[in-house]
Amino acid sequence: YEAYTVYNFFEYLIKYLEISSGQTAGELLQSKHFQSPSGAGEVKTVVEHLPPFRLKWGDRIDFKVLDPWPVGEVFVSRCKWGVMSYILFSPLYLIVSISYESVHQDVAEKRMFQFSSVLFYFTLAQSAISVWAVYCLVLFYHEARNELRPIKPLAKFLSIKGIVFVTFWQSIMLQFLGNLWINEKGDIYD
């Protein structure tokens with residue numbers, strides 16, 4: 001549900017840019033002034049990443065975890081695939097979770113927070129992919145914020161993401177708290 005909602009919101013932004021400008025989103029961003037001089041004196045258009053994938057402190061420190069992405073269709077495509085990765089991984093996570101719980105019915109909830117559990121690592125991967133999808137969406141918004149200003153997407157995004165994000169972490173916290181207060185026999189600790 002969350003992955004599909006994030007993807008549809010991304011598509012909403014793309015469609016708005018295309019309808020309002022009469023160009024593809026990549027062409028619109030390409031026509032903007034994202035220019036960064038390269039070492040050979042030529043001008044190359046790129047999108048610099050945001051923190052934590054790029055840390056910059058004045059002129060002294062410029063640490064890049066990821067190389068800049070070219071502006072235009074390549075940038076839009078990479079953002080789209082970043083969001084799509086969440087949609088593609090979510091059914092796999094669901095299948096693994098259901099399979100694991102059907103095999104280990106009595107201990108599935110307890111093993112979710114154990115390092116020896118497959119479910120623990122799939123939950124970490126699901127969280128990391130969720131963060132990457134949101135990062136790609138935020139990076140896209142950051143580059144197209146002036147063009148998107150009339151529809152006020154930040155408020156819409158925060159309300160959508162807030163509800164879905166809180167729901168996901170609420171289930172994790174309830175499961176964790178349940179594991180703290182219920183012993184192996186199903187009795188509640190005092």
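E11 and K80 form a salt bridge in this predicted model, with the closest N and O atoms 3.2 Å apart. Look at where the two residues sit: E11 is in helix α1 and K80 is in helix α3, so the pair ties together parts that are 69 residues apart in sequence. If you'd rather think in backbone terms, the C-alpha atoms of E11 and K80 are 8.5 Å apart in space. Helix α1 itself covers residues 2-21, and helix α3 covers residues 73-103.

How about the surroundings of this pair? E11 has a relative accessible area of 15%, so it counts as buried, the cut-off being under 20%. K80 comes out at 31%, which makes it partly exposed. In general, side chains of opposite charge can pair when their charged atoms come close.

The count for the whole model is five salt bridges. Stay on helix α1 for another one of them: E18 pairs with K15, and here the closest N and O atoms are 3.6 Å apart. This one is a local affair, because E18 and K15 are three residues apart in helix α1 and so are separated by about one helical turn. E18 has 26% relative accessibility and therefore counts as partly exposed. K15, at 45%, is likewise put down as partly exposed.

Now jump over to the strands. E48 forms a salt bridge with K64, the closest N and O atoms being 3.8 Å apart. E48 belongs to the loop between β2 (43-47) and β3 (54-57), while K64 is in strand β4 (residues 61-64), so this contact ties together parts that are 16 residues apart in sequence. E48 is partly exposed at 22% relative accessibility, and K64 is partly exposed with a relative accessible area of 35%. The pair doesn't stand alone, either: salt bridges that share partners join E48, R54, D62 and K64 into one network.

That's the charged side of things; next come the rings. How many aromatic pairs does the model have? The count comes to 11. Take W69 and F75 as one example: the ring centres are 6.3 Å apart and the planes are at 55 degrees, which puts the pair in the tilted class. Both W69 and F75 are buried.

F89 and F122 make a different kind of example. Their ring centres are 5.9 Å apart and their planes are at 15 degrees, so the pair counts as stacked, the cut-off being under 30 degrees. This pair also links distant parts of the chain, with F89 in helix α3 (residues 73-103) and F122 in helix α5 (residues 118-148), 33 residues apart. Is F89 buried or exposed? At 13% relative accessibility, F89 counts as buried. F122, on the other hand, has 22% relative accessibility and so counts as partly exposed.

Finally, pull back from single pairs. F10, F53, W69, F75, W132, Y135 and F140 form one aromatic cluster, so if you select those residues in your viewer, you'll find the tilted W69 and F75 pair among them. To retrace the route through helix α3, go back to K80, the partner of E11 in helix α1, and then to F89, the partner of F122 in helix α5. Helix α3 thus takes part in both a salt bridge and a stacked ring pair.

Notes: Residues are numbered from 1 along each chain as its sequence is written. This is a predicted model: local features need pLDDT of at least 70, side-chain atom pairs count only at pLDDT 80 or more; totals for chains, interfaces and linings use all residues. Side-chain values use heavy atoms; hydrogens and water are left out. Rings of Phe, Tyr and Trp (its six-membered ring) pair if their centres lie within 6.5 Å; planes under 30 degrees apart count as stacked, over 60 as edge-to-face and the rest as tilted. Buried means under 20% relative accessible area, exposed over 50%, partly exposed in between (1.4 Å probe, protein chains only). Helices (H or I, at least four residues) and strands (E, at least two) are DSSP runs, numbered from the N terminus. A salt bridge is a side-chain nitrogen of Lys or Arg within 4 Å of a carboxyl oxygen of Asp or Glu.
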